[in-house]
Amino acid sequence: MQNLSRRNFLKAGAAGASVGLLQAYGPGGVSLATPAAAATAGIKRGGTFTFGNTAGIQEFNPLSMITAHYPFMRALYNTLAHYDAQLRPQPELAEKWDLSADGKTLTLKLREGVKFHSGREFTSADVKHSVEFGQTNQSALLRVLYRTIKQVETPDKHTVVFKFDGVNTGVYDILDTLYITDKETIEDRNKTAIGTGPFKLDKYIPNDRVEFVPFRDYWEVGKPYLDRYVMRVIPDVSSLVLNLEAGAIDCAWQIPYLDAARLQGMGGKYVITAGAPGVGSFDIAINVTVEPFQNKKVRQAIAWSIDRERFCKTVMRGFAQPTCLMWPPHSWAYFKDLEGTIGYDLDKARALLKEAGLEKGFQTELLTASKRQFGYGELAQILQADLRKIGINARVLDVEVAIFENRHVVKGEIVTMVHTYARGNRDPGSLVTGARAWTNGWKEGNWTHYESAEWERWRKELTSTLDMEQRKAAARKLQEIALDECFTIPVAPALRVFAYASYVKGFDVTMDNSPYVGDMWLDK
């Protein structure tokens, strides 16, 4: 078996290299026996783990990858496979897989004996349903990625075959993110949830809490270790830390960076982690169909008015460095020579407005949701103040998280917006197919409504070949277009900090920051 370090895997292109990686596991693909109970020496069973988050659930849809949903995804559901900490593929509901030499056919052998929380057997028909749901559901953020699967065959109830038009550099990202949903109950997802995961839904009080209890027929023998898992909605981000310190919750997610630094210095009482590396970035999104932003010079003026350095120093407390590039520094698609192409220069911004015939400025709206994540409100205020200096009066509209998500994810109704995009830590191709901020037009869910044949050309080039020189050239071209068009404007890495009590053990998250709750236990 070939082992790749995180650095080498990322260098090869994460999921892009996964085609070769999948084949490298031998003719039979990856195969592991059904896991026996893990080594449990020292593990204490029982207890309730309470997780605090600012956002309430919109629906029990694991393919709707928004802030409110990450905490339940790995509790209720499973994927076909998942990345481990070194970005090596690990079997989950698929025990093994085999990729054809031409990269067009992926055959998966499913784990037998897996049950949904309803007691129904998991079969290949459920995989086919989940693919189709992911391709058509308007809330599925990765539906462009799932649509690269052109056909799903189910020769028997434990075998699934995915057919592609050609080499698919996102093949393993599909397996890692395609959560398997229950075809019999998914239409009732606003009020109920049925999956194959380690926990099942026990109680749901909208915008207050969700409670889960162990699924006793869970396929991974011996798990979960907890007696109960509780997700609490605490809308005020400052109250998250207060609840953690008071012992009302065991873990707080997306806390202020100042509090993270303070808790880290409390003698080991709390553990602070930034979660998955490079997963997200702060950005400013601009609707290119709304006047005066149809003119890219106006969008460029906005980009030159963002004081990224001030935001990183005063708000992020030095935890992150400013950037104007779409991919993070650890990615092979990060081009250091392009860093700083756009900076903070109000004179440059004024000149661009003058070229656009708007030297007297104009009024606009800046959408944000300060309760969604620390930094949203602060970035809006910093940008608003600087825009005022160049004659743009931006009214900050700070809304509730549910309204924020509905306006941009569901309706695409924005003018300008403070936002964070994800999936920069996967294969570079997954960013432009899996993060709506970088897809091609509203037909693919991009709330900026930016659509371009040239963007599509280079995106296809990036995602349809394993030739690294061609892929690097395509990624660079996309980056150059993004710097010129300024529809999504990167600002800085978005570190979604977890803070949890030191008695919480086995804490780990997916590449999207969804906690593996089934592996956790409490040492108290």
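**Sheets and helix pairs in a predicted model**

Biologist: Which residue in strand 7 does Asp 156 stand opposite?

Modeller: Asp 156 faces Thr 159 there. Keep in mind that this is a predicted model.

Biologist: OK. How many bridges join strand 6 to strand 7?

Modeller: Four, and the two strands run antiparallel. Strand 7 covers residues 159–163.

Biologist: What sheet do those strands belong to, and what's the strand order?

Modeller: An open sheet of four strands, ordered 4-5-7-6, with antiparallel pairing. Strand 4 (94–99) and strand 6 (151–156) are the edge strands, and each of them pairs on one side only. On average, neighbouring strands in this sheet are turned by 20 degrees against each other, ignoring direction.

Biologist: Which strands does helix 4 lie across?

Modeller: Helix 4, residues 124–136, lies across strand 5 (105–110), strand 6 and strand 7. Its direction is at about 175 degrees to strand 6.

Biologist: Let's move to the other sheet. What's the order in the open sheet of seven strands?

Modeller: That order is 8-9-10-1-11-18-12, and the pairing is mixed. Strand 8 (199–205) and strand 12 (270–273) are at the edges with a single partner strand each, so one side of each has no neighbour in the sheet. From one strand to the next, the twist averages 15 degrees.

Biologist: And strand 9 with strand 10, do they run parallel or antiparallel?

Modeller: Antiparallel, with four bridges joining strand 9 (residues 209–214) to strand 10 (residues 228–233). One example is Phe 212, whose bridge partner in strand 10 is Tyr 229.

Biologist: Where does helix 7 lie?

Modeller: Helix 7 lies across strand 1 (48–53), strand 10, strand 11 (251–253), strand 12 and strand 18 (498–501). Relative to strand 11, helix 7 runs at about 170 degrees.

Biologist: At what angle does helix 7 cross helix 8?

Modeller: Roughly 20 degrees, and the axes come within 10 Å. An angle under 35 degrees counts as roughly parallel, so helix 7 and helix 8 are roughly parallel to each other. Their crossing is right-handed. On the helix 7 side, Val 241, Leu 244 and Glu 245 make the contact, while helix 8 supplies Asp 259, Arg 262 and Leu 263. By class, that gives three nonpolar, no polar and three charged residues.

Biologist: How about helix 15 and helix 16, what's the crossing angle there?

Modeller: Roughly 150 degrees for helix 15 (residues 453–463) and helix 16 (residues 468–485), with their axes coming within 8 Å. Anything over 145 counts as roughly antiparallel, so that is what helix 15 and helix 16 are to each other. The crossing of these two helices is left-handed.

Biologist: Which residues of the two helices meet?

Modeller: From helix 15 they include Trp 455, Trp 458 and Leu 462, and from helix 16 they include Ala 474, Leu 478 and Ile 481. The contact of helix 15 with helix 16 has eight nonpolar, one polar and five charged residues.

Biologist: Switching again: is strand 17 mostly covered or uncovered?

Modeller: Mostly covered, as five of the six residues in strand 17 (residues 488–493) are buried. Five bridges link strand 13 (residues 280–286) to strand 17, and the two run antiparallel. Ser 281, for instance, has Pro 493 in strand 17 as its bridge partner.

Biologist: Last one. Is Thr 510 buried or exposed?

Modeller: Buried, at a relative accessible area of 7%. Thr 510 sits in the loop between strand 19 (504–505) and strand 20 (521–522). Leaving aside residues up to four places away in sequence, Thr 510 touches Arg 74, Tyr 179, Ala 276 and Tyr 516.

Methods: Residues are numbered from 1 along each chain as its sequence is written. This is a predicted model: local features need pLDDT of at least 70, side-chain atom pairs count only at pLDDT 80 or more; totals for chains, interfaces and linings use all residues. Side-chain values use heavy atoms; hydrogens and water are left out. Two strands pair if DSSP finds at least two bridges between them. Axes are lines fitted to C-alpha atoms, for helices over the stretch in contact, and angles run from 0 to 180 degrees between N-to-C directions. Contact means heavy atoms within 4.5 Å. Buried means under 20% relative accessible area, exposed over 50%, partly exposed in between (1.4 Å probe, protein chains only). Angles under 35 degrees count as roughly parallel, over 145 as roughly antiparallel, 65 to 115 as roughly perpendicular and the rest as oblique. A crossing is left-handed if the near helix is turned anticlockwise from the far one by less than a right angle, and right-handed if clockwise. Ala, Val, Leu, Ile, Met, Phe, Trp, Tyr, Cys and Pro count as nonpolar, Asp, Glu, Lys and Arg as charged, and the others, Gly among them, as polar.
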